[in-house]
Amino acid sequence: MVEELNQESLLEIGKKAVDLALKLGADEAEAYLSYGFENTVKIERNQIIRGLHKIDQGIGVRIAHNKALGFSYTNIFDEQAIQKTVETALKSAKSSKPDENWPGFPSAKRFGNPKKVFDSRIVDLSVEELSSQASLMLDAALGYDKRVFVTDGEMDALFLIHAIVNSNDIEVAGKGTAISCYAATLARENSEVTPICFDYDVSRSYEINPEKVGLNASKMAVSALKAKKIETGNYSAVFTEVSLYLLLYYTLMAAIKADAVQREQSALKGKIGQKVASEVLTIYDDGLFEGGLFTSRFDGEGVPTQKTVLIENGMLRNYLYDCYTASKDKVESTGNAQRGLLTAYLSTPKLEATNFVIEKGTKSNEELLNEIENGVLIGYLQGAHSSNPASGEFSVVATPAWKIENGEIAYSIKGAMLAGNIYDLLLNVSAVGREYRQMDHLVSPWVRTENLKVVGQ
Amino acid sequence: MKDELLKVINSGRSFGADYIDIRGERLSEASFTLKDGRVEAAKEGLQEGASVRVLVNGAWGFASVGSLETKVLIDATRKACSMAKAASLKIKEPVKLYETKSVEDRIEKRPLKNPSEISIEEKLNLLFNFNKVIFDYDARVKSCTIDYLDLSGKSYFMNSDGTYIEQDKLYVWSRILATAKEGNILTYGREEIGSTAGFEVFDEQTPEKIGTLIAKRIINQLKAKTPKGGTFPAVIGPNVVGVFVHEAFGHLAEADLTLSGSVLIDKLGKKIASDQVNIFDDGTIPGAFGSFKYDDEGVPTKKTMLIKQGVVVGLMHNRETAAKFNMEPTGNARAQNFRYEPIIRMRNTYMAPGDHTFEELLEGIKFGYYLKSFRGGQANLDGTFQVGIQEAYEIIDGELGASVRNASISGNTLEALFKVDAVGKDFELWPGRCGKGGQTAFICDGGPHVRVKEVLIGGGA
C-alpha cells in the first residue's frame with residue numbers, strides 16, 4: 001500500500017509542488033493535499049452483509065497566472081505525476097480567461113484550536129469491533145417490535161489528514177476523525193407499509209450509542225403505522241433537525257452565501273440589519289464548533305475558520321464569504337471555502353456553511369409539542385431539493401409526519417404537502433428547543449413555527 | 001493488464017474468497033464553471049485506481065485504492081477478505097450470485113468529436129456562447145451559472161468466473177442554470193445536456209436552442225402565479241413524465257429496493273397501472289447518457305421491460321438480486337467510479353409513446369395544469385412521490401392559460417399510474433444525474449405527453 005502519510009509528509013509534498021509551480025513561471029500557486037481511510041460495515045434487510053475499506057490520497061494544485069486560474073489533481077504520489085499535475089494546472093491557467101477581480105491567494109494568519117475533532121480510538125478501531133457495534137444497533141432495532149424491518153444501516157469510521165500550502169506562506173495541516181451510524185426502518189402491518197424512518201448518531205470522538213439509534217428507528221417506524229389523511233389548512237409545525245436541515249439547505253443556506261447575494265440569486269440581498277426571521281432565532285456559522293462535523297482549523301483556502309453571526313434575534317447580520325466574494329465586498333473571508341472529505345484534493349474550494357448553528361432555546365422537545373393545540377410534527381421531507389433557492393419557495397411532501405392534538409402526538413399522517421416560502425416560515429418561528437443535534441452541516445434543536453400551510457389529499 | 005489482474009484474482013482465492021472481482025480505471029477529466037461570464041477555474045485531472053470485491057462466507061468485502069499496481073491490489077484483496085470475514089459473523093442468508101456466461105471483450109469508443117482532443121479555449125467558447133444567449137435574451141436575466149464536464153478513460157474488469165472486459169468510458173455533460181428578477185420576484189431555471197457519444201452533442205443541443213429555452217422560461221415565470229393547492233386533472237410533459245417514471249416507479253423497481261420493502265414487493269405479475277402504460281429501462285440507446293455495453297459486474301446491458309400494459313413484468317437486477325428472484329440479471333449494476341461498489345442503478349428509463357396528439361390530451365379539461373418541466377423529484381419506498389415543477393401552465397377549457405410557478409405534484413405511485421388515461425404519440429429523452437447510496441449515476445429519462453385524471457398539486461403560499 002502507499003506508505004503511511006502524515007501531516008509532515010503531506011506538507012513536504014505540497015511545498016515541493018508549490019515551489020515547482022513558481023519555478024515554471026506561475027504568478028501564484030497552492031497545493032491542497034488529503035489522505036485518509038474509511039471503514040464501513042453495512043446492514044441490508046435485517047442482516048449485516050458487507051464490509052468496505054476505502055483509502056484515498058491525492059494532491060490538487062491551483063495556479064494563478066495573469067489573473068486566470070488553472071487547477072489539476074492527481075492521486076498518484078510520485079514525482080513525475082506531481083510534475084505533470086503542476087504543468088497541467090499552469091497550462092490550464094494560461095488557456096483560461098483572466099478575471100480582473102481575482103484577489104490572489106490569502107496570506108498566513110493565526111489559526112484557532114478546535115476541540116474534540118480527533119480521537120485515536122477511531123483510527124485504531126478494528127473491523128470486528130465496528131461489526132459488533134453494528135450488530136448491537138441491528139439487534140436493538142429488531143428486538144423492539146416484530147413488525148419492524150431494517151431496510152439498511154451502517155456503522156462507519158473515518159480518518160482524514162488535510163494539508164494546504166500556498167505561495168503566500170500558508171502552510172498548515174490538520175487531522176480529524178468521525179464515527180457515525182444510522183438505521184433505516186419501516187414497519188409493516190396487514191397491507192400497510194410505512195415510509196422509511198431513520199435515526200442516526202455521529203461524533204468526532206468514539207462516543208456514539210448504536211443501541212439507542214436502533215431502538216429509536218424502530219419506535220419511529222411503529223409510530224408511523226395507521227397513517228391517516230389530514231385536512232388542508234394552516235397548522236403549527238415542529239421540525240426535527242433532520243427535516244429542518246432539508247428545508248434550510250436548499251433555501252436559506254444557499255441564499256446566505258455572498259456569491260448568491262452578489263449575483264442577485266438571493267432574497268437576502270440588501271437585507272443586512274433588517275428583520276428576516278422571528279426574534280427567537282439566532283443563527284451562526286461556526287467552523288470551530290466543539291466536536292462539529294465540519295470543524296477544522298482552516299478552510300479550503302487556508303483561511304482560519306471562525307464563528308460568524310448570521311442572524312441575531314431575527315436580524316440579518318452577515319453573509320458567508322470565501323476570499324473571492326469577500327474581496328468583492330471589501331470584507332474578510334469568513335473561512336467558508338470547503339473542499340470535501342476523503343476526496344478533498346479532487347475539487348476546487350466551494351463556498352459552503354461549516355457548522356450552521358441555530359442557537360438553542362429553553363424548551364424541551366416535549367414542551368415544544370405540549371403547547372400545540374392543532375399541529376404537525378415533521379420527521380422528514382421529500383423533494384426539498386426542488387425548492388427555489390433564489391426566492392426561498394418550497395413545495396414538499398412531509399413523510400413521516402404526525403398530527404399533534406392537544407399537546408400530544410395523535411396519529412401519523414399520510415402524504416401531506418407543505419408549501420410556502422422559507423422567509424415567511426422563519427418569521428413565524430415561535431420557539432426553539434434546547435437539545436442540539438448535528439445533521440450534516442446543521443447543528444440545531446427542534447424548531448416550532450406557526451401558521452404553516454399543509455395541503456392534504 | 002489482463003495478466004496482472006489474473007494474479008490478483010488468484011491471490012483472492014488464497015485469502016479465502018469464494019468469488020472475487022476487480023475493477024481498475026484510468027480516468028481523465030476536464031471541468032469548468034462559468035459564473036456570469038467569469039471562468040472560476042479551468043480544471044483538468046488524472047486519476048487511477050481500483051476496487052476489489054470479494055465474497056467470503058456469504059458476505060461481501062470491498063476495498064478501493066488509488067493505484068493499479070499489482071502489489072497494492074493484492075494488499076487490497078487481503079483487506080477486502082478481512083472486511084468480508086468481519087461482516088459475515090452473524091450471517092443468516094448468505095449472498096449468492098446468479099450464474100452468468102463468462103465474457104471476454106474489448107469495447108472502444110469512436111466519438112466524432114473526442115472531448116480530449118478539443119482545446120480548453122474551444123470548450124470555454126461554447127460556455128461563453130450559452131452565457132451570451134441567456135443574458136442577451138432580456139435585461140431581467142440576473143445570473144447564469146454553467147457547469148461543464150467531460151470524462152474519458154478506460155476500465156478493466158475481471159472476475160473469478162473468467163470474465164475480462166476492457167471498456168472505454170466517455171461522458172460529456174453540461175448544466176445551465178439561470179435566474180431572473182423583477183421587483184421582489186426571483187425565478188430560477190435549469191437544463192442539463194449529457195451524452196456518451198462525444199462533444200458533437202453540442203451541435204444539436206446548441207447554445208441558441210438550450211439557452212433560449214431557459215431564458216424564456218425564467219422570464220415567463222416572472223409573471224406567473226402560484227398554483228391552487230388541491231387535486232386537479234393534468235397534462236404532463238415528457239420531461240416530467242420521465243422524472244416521474246424514474247423517481248416514483250423506477251426506484252421501486254430496482255430489485256435491491258424492492259427487496260428492502262418497496263411497495264412493488266408483491267406486485268410482480270400484477271396490474272399497477274392503466275392499460276396504456278408501458279415502461280422500459282434501456283441501456284442500449286446509442287449515445288444516450290445512461291447507455292453502456294457492460295455493467296460493472298461484467299453483465300451485458302439490455303432493454304428491460306418493466307411494465308407491460310399496466311402489469312409489472314420486470315425489475316432491474318444485479319447478479320445478487322437476480323439469484324434471489326431467480327430472474328435473469330439485467331445489467332443494471334453500476335458504480336460511479338473505482339471508489340465505489342456497483343449497486344443497482346437505472347439507465348435510460350421511459351414510458352413508451354401511445355397514439356394521442358397533444359391537443360387531444362388537453363381536450364375536455366375544464367380546469368387543470370400542464371406540467372412541462374421538472375425541477376427535482378424524490379420518492380419513498382412506500383410509493384409516496386414528489387416532483388417539483390419549474391415550468392407549468394393553467395389549462396382552461398382545453399386551452400393553455402397563464403404561467404404557474406413553484407408547483408409540485410405528489411401522490412402514491414400505485415394510485416397515480418392508474419390515473420393515466422391517455423398517452424401521447426410524441427417522445428423525448430432527457431439526460432440527468434441520479435443519486436443513490438452516496439453515488440451519482442448518469443441517466444436519461446423521458447416519455448411522451450400524458451394525461452392524468454387527477455393529481456395532488458402542492459399550492460404556493
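Which residue is the bridge partner of A:Ser72 in β2(B)? In this predicted model, the bridge partner of A:Ser72 in that strand is B:Glu44. The pair belongs to an inter-chain strand pairing, in which strand β3 of chain A (residues 68-74) and strand β2 of chain B (residues 38-56) run in the parallel sense and are joined over 5 bridges.

The strand pairing is accompanied by further contacts between the two chains. On the side of chain A, 86 residues are in contact with chain B, and 87 residues of chain B take part in return. The area buried between chain A and chain B comes to about 6,900 Å². Carbon and sulfur atoms give 50% of this buried area.

Polar and charged interactions across the interface were also counted. The rule for polar contacts finds 44 residue pairs between chain A and chain B, with both residues at pLDDT 80 or more. The count of salt bridges between the two chains is 10. One of the salt bridges between the chains is formed by B:Arg339 and A:Asp56, whose closest N and O atoms are 2.5 Å apart. As to secondary structure, the element that gives the most to the side of chain A touching chain B is strand β2 of chain A (residues 47-65), with 11 residues. By residue class, that side of chain A is made up of 37 polar, 31 nonpolar and 18 charged residues.

Aromatic pairs were searched for over the whole structure, and 27 were found over all chains. For B:Phe232 and B:Tyr369, the ring centres are 5.4 Å apart and the planes stand at 85°; because this angle is over 60 degrees, the pair is classed as edge-to-face. B:Phe232 is located in strand β8 of chain B (residues 230-236) and B:Tyr369 in strand β15 of chain B (residues 367-379), so the pair ties together parts that lie 137 residues apart in sequence.

Within chain A, 6 strands form an open sheet with mixed pairing, in the order β11-β10-β9-β14-β23-β22. The edges of this sheet are occupied by β11 (315-316) and β22 (437-439) of chain A; each has a single partner strand, and therefore one side of each is left without a neighbour in the sheet. Inside the same order of strands, β14 is followed by β23. Strand β14 (residues 356-358) and strand β23 (residues 442-444) of chain A run parallel and are joined by 2 bridges. In β23(A), A:Val443 is the bridge partner of A:Val357.

Key. Residues are numbered from 1 along each chain as its sequence is written. Chains are lettered from A and ligands numbered from 1 in the order in which they are written. This is a predicted model: local features need pLDDT of at least 70, side-chain atom pairs count only at pLDDT 80 or more; totals for chains, interfaces and linings use all residues. Side-chain values use heavy atoms; hydrogens and water are left out. Contact means heavy atoms within 4.5 Å. Buried area is the accessible area (1.4 Å probe) that two parts lose on being put together, summed over both. A salt bridge is a side-chain nitrogen of Lys or Arg within 4 Å of a carboxyl oxygen of Asp or Glu. A polar contact is a pair of N or O atoms within 3.5 Å; within protein, one must be able to donate a hydrogen and the other to accept it, and residues adjacent in sequence count only if both atoms are side-chain atoms. Helices (H or I, at least four residues) and strands (E, at least two) are DSSP runs, numbered from the N terminus. Ala, Val, Leu, Ile, Met, Phe, Trp, Tyr, Cys and Pro count as nonpolar, Asp, Glu, Lys and Arg as charged, and the others, Gly among them, as polar. Two strands pair if DSSP finds at least two bridges between them. Rings of Phe, Tyr and Trp (its six-membered ring) pair if their centres lie within 6.5 Å; planes under 30 degrees apart count as stacked, over 60 as edge-to-face and the rest as tilted.
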